[in-house]
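Q: Please take a close look at one part of this protein and describe how its pieces fit together. A single connected account would suit me best.

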Amino acid sequence: MSVKERKANFITQGIILAAASVIVRVIGLIYRIPLARIIGDDGLGAYSNAYEVYNIALLLSTYSIPTAISKLISEREDKKEYGNSFHLLQVGLVFAMAVGLFASLLLFCGADFIAKTVFKEADLSTAIPLKVLAPTIFVFSVTGVIRGFFQGKHTVIPTSISQILEQVVNAVVSVVAAKLLIGYYSASPKISAYGAAGGTLGTLCGALSALLFLLFILCIYYPYLKRRLRKDRVGAYEDKAFLLKILFMTTIPIILNQTVYSISSFLDSVLLNQVFDSKGIEALVRRTLFGRYSSKYRLMTNVPIAVASAIGMAIIPSIVQAHTSKDSRLLRSRIAQAVKLNMMIAMPCAGGMAVLAAPIMQFVFGDTGEALEMTSKMMHMGAASIVFFAYSTATNSILQGVNRMRVPVFHGVISLAIYLVLDLLLLLFTPLGVYSLVIGNMIFPLIISVLNWITLRRELYYVQELDKTFLRTGLCAAFMSIIAMLLYRGMFFLTKHNAVSLLTAIGLAAMVYFVMMVAFRAVDERELRDMPKGVYLVRLAKKFHLM
């Protein structure tokens, strides 16, 4: 495969996975609308608390396995070591099932203790959805290995389809189960917690559907895999015990990095509950506040951040390939493409969410009155975190791909320590309340971004291009945001309808952003052509005399 073909494939794979992540997040937003209205802010709080604990358990056990498997298999595939690649799949499945089963049992048995000790709940409401979530870790462990196997072979199609299928099933089951359980336990004082358990049941069923789909694809792929094994000329295969050791050693730094990187959400919940409990604020109020922060503000900002994460995962095999071949020019080129693609998505999303915060929250969650004021203020304050998370996520993946596995962990620990001190001081000594978490949510990725920027320059001699990637893209995003706000206000003045005004403003603003990016040469013809449907985009730009 030529350099140009590899480059196009890298971008295509990244955008396919990113597009799947957007679809998944959009589905997630859609089903959260009826779910939020069924279980209320209290139920969302129990749901969010359970999810934060589940995410930490998942991170500590099996969440890093897809990335590790993808990296190790990519290395062996590039050397045509097909036998070692297959043995790595087998070792990965055994390892993941053992760790996943242990983590699931530990979480299920410790749910009551966590609800009582961590979240200071006398009614143990969080324990109910947490117990339903526990088996999902085991299911995800197997699913993750298969996804990493295919991504290591430079295809993200099985991962993308399985993610969409998973979220569709999750959406349907979550809403239906929440509605049924709310009705069945209508006389219970824990009615909201049972509704939240319906939501987490959807997560389990979605994960099961994704696993069944991937097993089906693996069965179809197996005859082709056997033919490739016969072409393996390596000779002596790597011992499975050695492969297990390599997998373990690769997984540990990724676990540390992702745990440090993602534990901030869990610590948000712990800090808020502990500090507010010491101030005499009751559990119901605490769950309501955290539900708005986590399942509304964070959920919305996580949509574009998920795109960055998807591009980050797609980067790894390509970065490994360039690093292994010692092609420093290709490596720097791919880093530049990944960073620019992230900024092209993150900046307009951050600007649009900042200026249209209230209409978005009203449209998506049906917020009104005090709830709308709180959630829209969170979005106004914290929209910039989208850009910081997008950059830090992408650069973490780049550093992992070039075997700087410890660097993101070190940077994450520094940032986490600063974030913890800042959040604690704000919660204890200022009247900011839950808005303290929003400020911490921006500072945490900002520090990681700065440290990663310095490391890329110092260790990979990568000098970040500023003009087109940040300055011009940022100006285009700012102009688009102003246009979006004016369009919304104009449409709302004419129609008095929030949804029509919002959707019209977003659609027209997106067109304005594309025109601005081309007109200001923030993206050139070569870069457009490298993207999926790039020829069509170039033809469209030339038709309107933009290039």
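The account below starts from one helix pair and moves on to the residues around it.

A: The model is predicted, and every value here is computed from it. The part chosen is the pair formed by α15, residues 406-429, and α16, residues 435-460. Their axes lie 9 Å apart, and the helices pack at an angle of about 155 degrees. Because angles over 145 degrees count as roughly antiparallel, α15 and α16 are roughly antiparallel to each other. Their crossing is right-handed.

On the α15 side, the residues that meet α16 include Val407, His411, Gly412, Ile414, Leu422 and Leu427. On the α16 side, those that meet α15 include Ser436, Leu437, Gly440, Phe444, Ile448 and Glu459. Polar residues take part as well, among them Ser415 and Asp423 in α15 and Asn452 and Thr455 in α16.

After α16 comes a loop that leads to α17 (467-495), and Tyr461 is found in this loop. Tyr461 has a positive phi of about 55 degrees although it is not a glycine. Most residues other than glycine have a negative phi. With a relative accessible area of 62%, Tyr461 is exposed, because the cut-off for that class is over 50%.

Asn441 links this region to Arg298: a polar contact of 3.3 Å joins the two side chains. Arg298 sits in helix α10, residues 283-324. Its relative accessibility is 10%, so Arg298 counts as buried. Leaving aside residues up to four places away in sequence, Arg298 touches Ser265, Asp268, Tyr293 and Asn441.

Tyr293 leads on to the largest nonpolar core, which has 69 residues. Tyr293 is one of the residues with the most contacts inside that core, together with Met300, Ile335, Met343, Met378 and Val434. Helix α11 (residues 328-355) gives the most to this core, with 10 residues. Apart from this core lies another, of 43 residues, among them Ala50, Ala115, Ile137 and Ile305. In soluble globular proteins, nonpolar side chains tend to be buried together.

Met343 shows what surrounds one of these core residues. Not counting residues up to four places away in sequence, Met343 touches Pro348, Val387, Ala390, Tyr391, Thr469, Phe470, Thr473 and Tyr513.

Lys120 may be set beside Tyr461. Lys120 is in the loop between α4 (111-117) and α5 (127-133), and has a positive phi of about 55 degrees without being a glycine. Lys120 is partly exposed, with a relative accessible area of 36%.

Notes:
Residues are numbered from 1 along each chain as its sequence is written. This is a predicted model: local features need pLDDT of at least 70, side-chain atom pairs count only at pLDDT 80 or more; totals for chains, interfaces and linings use all residues. Side-chain values use heavy atoms; hydrogens and water are left out. Helices (H or I, at least four residues) and strands (E, at least two) are DSSP runs, numbered from the N terminus. Buried means under 20% relative accessible area, exposed over 50%, partly exposed in between (1.4 Å probe, protein chains only). A polar contact is a pair of N or O atoms within 3.5 Å; within protein, one must be able to donate a hydrogen and the other to accept it, and residues adjacent in sequence count only if both atoms are side-chain atoms. Contact means heavy atoms within 4.5 Å. A nonpolar core is a set of buried Ala, Val, Leu, Ile, Met, Phe, Trp, Tyr and Cys residues joined through side-chain atoms within 4.5 Å. Axes are lines fitted to C-alpha atoms, for helices over the stretch in contact, and angles run from 0 to 180 degrees between N-to-C directions. Angles under 35 degrees count as roughly parallel, over 145 as roughly antiparallel, 65 to 115 as roughly perpendicular and the rest as oblique. A crossing is left-handed if the near helix is turned anticlockwise from the far one by less than a right angle, and right-handed if clockwise.
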